[in-house]
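Reader: Please take a close look at the internal cavities of this model. I would like to know what lines them and where they sit with respect to the rest of the chain.

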Amino acid sequence: MDHTLAFWPPAVAQTYRDKGYWEPLTLGEQLRRWAETHGSRTALVAGDQRLSYAELDARVDRLAAALHGRGIGLGDRVLVQLPNDLPLVLTTLALCRLGAAPIMVMTALRERELAALGALAEPVACVVQDRFLGFDHRALAERIQAGLPSLREIVVVGEAGPHTAFAALDAEPVALPRPDPESIALLLLSGGTTDVPKLIPRTHVDYAYNARRAAEISGLDADSVYLAALPVAHNFPLASPGILGTFFAGGQVVLARTPGFDETFPLIAAERVTHTALVPALVPLWLQAREWDDTDLSSLQVLQVGGARLDAETAARIRPELGCAVQQVFGMAEGLLCFTHLDDPDSVVLHTQGRPMCADDDVRIVDANGHDVAPGEAGELLVRGPYTIRGYYRAETYNRTAFTSDGYYRSGDKVRRTAEGALVVEGRIKDQINRAGEKIAAAEIETLLVEHPAIREAALVALPDTRLGESACACVLGDDPALDLAEIHRFLAAREMPRHKWPDRLELVDGWPLTAIGKIDKQALRARLQPPLTRPTPRDYIEHRLRIIADPLQLATRLAQAGLDDTLTLYERDGEWSLGIGVAARLDLNLERVRIRYGEQEQSWALEDFPSAVDNALAALPINNWRAYGMARFELARRFHGLPDADTRTELLQLVVPEREIRLRQGEALLRGFSQQAVDHLAETLGRLDSNHPETIELPLRAVQAPVAHENSEEYQRMVAAAVAEIQAGQYQKVILSRRVAIPERIDPVTSYFAGRCNNTPARSFLVLWPGFSAAGFSPETVLEVSAEGWVSTQPLAGTRALGETPEEESALRAELLTDLKEVAEHAISVKLSFEELEAVCDRPSIQVSELMSIARRGSVQHLGSRAGGQLAPGANPWHAFQSLFPAVTASGIPKRESIDAIGRHERQPRGLYSGSVLTVDSDGTLDAALVLRAFYEQDGKQWLQAGAGLIALSTPQRELQETREKLAGVCANLFAPAVAANDHPEEACAS
Ligand code: OOB
């Protein structure tokens with residue numbers, strides 16, 4: 001045994017033996033057992049060869065004997081570089097039987113990598129194909145041998161020349177020394193992050209468990225037929241469950257030399273294949289082929305997809321288009337395997353990367369300081385367990401950083417855990433590019449690039465790529481402006497770098513964005529490179545200021561009625577009514593992707609980290625000095641809290657950067673547009689509408705009533721009773737449950753906004769008129785406000801009393817509010833929560849609570865309010881604050897995660913904008929997010945109101961229903977519809 005290896009501590013190893021994970025057998029002995037149990041059944045089909053289990057075992061025996069005869073044995077290493085074919089399977093198993101570890105390398109690897117692996121592992125022999133896909137592997141082996149004294153022998157499949165012919169390796173079986181089942185069976189290549197490759201030592205016992213357990217989870221049995229389409233040197237098709245897992249199940253393996261549909265589809269049909277595995281980049285190619293190919297794929301039961309993140313949209317196409325189930329596999333050659341289960345709901349199968357396969361997979365998700373993150377949050381995945389290595393092969397120094405002192409492997413993957421315990425891969429911390437499932441260590445390419453005479457410094461970064469998942473972009477700092485990608489390719493080819501590691505794009509830079517400690521900031525670099533959206537010169541708004549005489553609310557209302565564009569958003573804040581008109585650019589974010597559209601151009605990428613994704617996308621816009629207007633739907637909170645959500649298509653955050661803008665204050669207007677003509681046109685419209693003539697609304701109007709008392713009332717009371725029972729059972733403390741009420745006839749949103757605003761003193765108000773969707777509302781509070789200087793503040797309101805009819809009554813009710821212990825206690829809980837949420841994104845010492853328990857008057861009620869604020873920590877952007885504080889606790893409950901979950905379970909349909917936010921965000925970092933509660937909505941021709949009540953343990957269904965009735969009636973009082981003849985006039989509703 002190699003003593004430079006870190007293995008499991010003895011006590012831990014003993015538990016793995018005791019629990020039966022580690023069977024005391026070598027892989028060679030496992031093969032013998034399979035042959036004894038399944039003897040005459042077909043084990044392997046490769047080309048026109050078919051071997052039964054008994055034949056396979058016998059062939060492996062003969063090959064092992066021959067290799068033994070050539071002095072290869074226990075404790076040796078042998079480099080194996082072969083395509084998917086019979087010799088690869090025979091050689092691997094024969095070496096395992098001998099106790100000589102095969103070093104499993106893909107055929108794509110070239111001299112540089114093989115030489116490095118050779119120097120590291122000192123193999124005594126190598127086994128290669130003569131030629132594969134036009135490449136002369138025999139010549140490559142000779143070059144390796146020339147620099148590697150340990151390499152005594154080259155074995156060649158095919159034309160062997162002066163070397164040992166594989167075909168000649170055949171000898172009568174002999175008794176062989178028995179390897180220790182807990183010694184190294186084989187060495188896998190790590191995806192790696194370093195400039196030199198790392199080898200992963202897998203023992204007989206752990207690898208056998210790996211394959212056996214993976215086979216169970218994948219539903220493999222003796223009737224299964226597994227197609228190995230990916231290169232078998234890879235852990236996925238080799239043992240996860242792959243070939244070895246199929247053998248454990250007694251099934252049949254079929255080898256395909258390449259994963260293309262031209263080769264695999266006929267094999268699936270001919271061999272009645274039931275299971276196969278692909279990397280995500282191949283799935284669309286298979287799906288596409290199905291559009292015209294009608295090969296019989298009816299036998300296929302399960303398509304496993306892993307190696308890189310599979311997007312849910314593609315995942316969802318697999319069953320309808322290929323007729324089989326999809327199973328996501330998140331694995332690593334270092335060990336840990338996660339699978340979605342075949343009987344999991346779609347929410348898990350399509351949207352997660354599955355659960356760890358073993359109860360003793362000890363997984364931690366940690367932040368940058370190594371502390372466990374809160375449930376549902378993303379962090380780095382650490383893992384140890386019965387089949388996860390404790391150290392790389394001969395890499396003592398590196399192991400000290402790649403593993404924690406208590407033996408966890410630092411995967412470098414950024415994951416979060418869903419409520420069901422499944423992991424979602426959100427991104428990556430390690431410096432690697434995952435190009436179509438093939439891992440490229442950035443450092444390896446960078447080290448090589450700086451050897452180029454024209455390159456002084458280089459950084460390789462991953463860019464989103466619709467075809468490959470990710471592509472590699474080389475950023476180089478150098479002296480030759482004529483340096484191009486073709487030259488880089490020539491340079492890397494000459495250094496035998498395999499083609500898949502060549503950069504897909506070259507960018508010449510004249511400086512680097514740096515991190516605080518002076519390293520190249522690759523995230524910032526990526527953000528810089530993102531936009532093919534960039535126009536040569538970013539657009540600037542032309543601005544024009546005007547004096548106005550009309551009241552800004554009235555003028556804003558008239559402008560909204562003027563039909564300036566089919567997309568218009570009005571946001572009122574601190575005496576300013578700001579109107580965004582038209583669409584210059586828009587951002588849409590759903591569970592899966594962020595998409596940005598700018599004119600004719602569109603770019604979208606997988607959503608990894610929410611705050612940087614939104615920030616980067618907006619930063620990429622070739623527009624200066626913008627203000628974006630938009631909406632965040634309540635269900636965005638489910639993502640922030642790691643709750644599953646089946647609906648990937650609904651846009652959770654939408655932002656529009658307008659073509660034109662008008663910002664109104666008392667006495668003054670600011671007009672903005674991209675051309676003088678646009679600004680002139682705005683000025684002209686404004687001039688026409690700006691008068692202090694009292695009537696605002698031209699149409700005669702009449703008030704509209706909605707059935708606030710009864711609609712859904714029984715259902716609502718049942719829902720309240722169920723949630724109160726959960727609160728009493730201690731599942732959470734408080735939840736806001738709401739009901740929707742349809743507005744029976746079409747109201748006019750603009751007029752109703754105006755009337756409602758007249759009757760209200762909101763913290764914010766808004767009017768959204770977008771194609772297919774409108775809303776207007778009056779916010780009692782903001783979800784959060786972020787200033788351009790990064791000051792985050794939030795105003796939790798909890799505790800409410802009416803204003804009463806007289807000033808005396810108001811102050812009596814106020815006194816009551818300030819002394820009611822329940823109200824004060826509830827308020828204190830909200831303030832504490834805000835404080836904690838700020839702590840997650842702000843500099844701790846800066847956080848403060850001001851205006852503690854002051855009174856906010858809103859419409860006909862008064863609330864207990866406080867304000868908590870803090871300074872954004874370095875590296876955090878306004879969206880970090882948004883992610884931490886959204887949704888408002890007032891609209892969800894306490895604790896947030898449990899209450900959001902309860903809302904999802906009890907309420908009949910997604911809330912959409914209700915209890916979400918209408919917001920504006922400016923290019924200088926200012927963000928202002930209004931809480932949407934008192935509002936009305938219109939979508940697809942339907943109009944509705946929605947209101948909720950906060951439930952606690954003492955709540956009763958009847959009382960809470962009444963509360964929703966009161967709230968709904970409050971909004972309803974200001975709904976107006978155009979009428980042919982009526983006297984009602986909204987301005988009569990205008991109290992102040
Ligand atoms: C598999 O193994 P490796 O060693 O080539 O790569 C492991 C890395 C993981 O650390 C992760 O970064 C990425 O590949 N990865 C995935 C993924 N599966 C692997 N990222 C997102 N989603 C997934 N489903 O790739 C591997 C080994 C055994 C089975 C399957 C894949």
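Author: What follows describes the cavities, beginning with the largest. The model is a predicted one. It holds five cavities of 30 Å³ or more. The largest cavity has a volume of about 180 Å³. Its lining is made up of 16 residues, and those closest to its centre are His-351, Arg-416, Val-424, Leu-591 and Asp-645. Two elements, α13 (346-351) and β22 (423-428), each supply at least two residues of this lining. Sorted by class, the residues around the largest cavity are seven charged, five nonpolar and four polar. As for location, the largest cavity lies between domain 1 (10-423) and domain 3 (542-701), because both domains give residues to its lining.

The second largest cavity has a volume of about 130 Å³. Its lining consists of Asn-712, Glu-715, Tyr-716, Met-719, Ser-738, Arg-739, Arg-740, Glu-907, Arg-908, Gln-909 and Gln-946. Here the elements that give two or more residues are α22 (713-728) and β39 (734-742). By class, the second lining has five charged, four polar and two nonpolar residues. Among the charged residues lining this cavity are Glu-715, Arg-739, Arg-740, Glu-907 and Arg-908, while Tyr-716 and Met-719 count as nonpolar.

Terms used. Residues are numbered from 1 along each chain as its sequence is written. This is a predicted model: local features need pLDDT of at least 70, side-chain atom pairs count only at pLDDT 80 or more; totals for chains, interfaces and linings use all residues. Side-chain values use heavy atoms; hydrogens and water are left out. On a 1 Å grid over the protein atoms alone, a cavity is a set of points where a 1.4 Å probe fits but cannot get out, and a pocket is an open set with protein on both sides within 12 Å along at least five of seven lines; lining residues have an atom within 4 Å of a point. Grid points are joined across faces, edges and corners, and a volume is the space filled by probe spheres set on the points. Helices (H or I, at least four residues) and strands (E, at least two) are DSSP runs, numbered from the N terminus. Domain bounds come from an automatic or database domain assignment.
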